[in-house]
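Biologist: I'd like to learn how to read a few features in this model. Can we start with the terms and then look at cases?

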Amino acid sequence: MSGQGVVPGPDGLPRCPWGLEAETMADYRLYHDTEWGRPVHGDDALYERICLEAFQSGLSWLTILRRREGFRAAFADFSIEKVAEFTEADERRLLADPGIIRNRAKITATIANARAAAELAPGELDELIWSHAPDPGGRPVPRTTADVLAITPESTALSRELKKRGFRFVGPTTAYALMQACGLVNDHLADCHIRAAV
């Protein structure tokens, strides 16, 4: 089955097809153009992305994107130090919060992941994640969506390392989505106008 190539947007610029959904999903286009695939550094920033990718598991990314500010408010702006101190009362508060996805396992994992991250030295989470970035010249540039992988040896290794340190909801597919979102790989399609900027 062949994949889809770039699609011209309302502005005439070619984009990855997922970044050009219906006009009612303009927030996808903004995320595609300004954030996805651009390098993200910093322990708290990467912790946020780990958590959001975990919450996205089994759901549309748009569902998470539209609740992002709710997640930030609920989880203390994804401060590792603050979330690591969350209590059972915080868990109950989160389970009643309509601004987030109220999934007990994912909420518990988010708190556990903060505690796992808090055990690392400052900058160590950043270093651990980025140490799994593949050689950018070592793989072909995707031309269609069929060329974009879901799991790679690097994402499998990253998943294993995170799990070893106590992180949850970080399987190889979620780890690869994290790598794509945070710029460890550039999976914008070859003719996407954002690819060169990333």
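Modeller: Sure, burial first: a residue is buried under 20% relative accessible area, exposed over 50% and partly exposed in between, using a 1.4 Å probe and protein chains only. Helices (H or I, at least four residues) and strands (E, at least two) are DSSP runs, numbered from the N terminus. Keep in mind that this is a predicted model, where local features need pLDDT of at least 70, side-chain atom pairs count only at pLDDT 80 or more, and totals for chains, interfaces and linings use all residues. Residues are numbered from 1 along each chain as its sequence is written, and side-chain values use heavy atoms, leaving out hydrogens and water.

Biologist: Which residues of α10 are buried?

Modeller: They are T174, A175, Y176, A177, L178, M179, Q180 and A181. That makes 8 of the 10 residues in helix α10 (residues 172-181), so the helix is mostly covered.

Biologist: What covers the buried residues of α10?

Modeller: Here we go by contact, meaning heavy atoms within 4.5 Å. The cover includes α1 (26-34), α2 (43-56), α8 (124-130) and α9 (153-164). After α10 comes G183, with a positive phi near 80°.

Biologist: Let's try a single residue. Is R68 buried or exposed?

Modeller: R68 counts as buried because its relative accessibility is 8%. R68 sits in helix α4 (residues 68-74). Leaving aside residues up to four places away in sequence, R68 touches Y31, E35, E48, R49 and L52.

Biologist: And how do I read aromatic rings?

Modeller: You describe a pair by the distance of the centres and the angle of the planes. Rings of Phe, Tyr and Trp (its six-membered ring) pair if their centres lie within 6.5 Å; planes under 30 degrees apart are stacked, over 60 edge-to-face, and the rest tilted. Searching the whole structure gives 9 aromatic pairs. Take W18 and Y28: their centres are 6.0 Å apart and their planes at 85°, so this pair is edge-to-face. W18 is in the loop between β2 (14-15) and α1, while Y28 is in helix α1, 10 residues apart.

Biologist: How do W18 and Y28 differ in burial?

Modeller: W18 is partly exposed because its relative accessibility is 25%, whereas Y28, at 10%, counts as buried. W18 also pairs with W36: centres 4.9 Å apart and planes at 75°, so edge-to-face again. W36 lies in the loop between α1 and α2, so this pair ties together parts 18 residues apart in sequence.

Biologist: Which residues do ring pairs link into a cluster?

Modeller: Y47, F55, F71, F75, F78 and F86.
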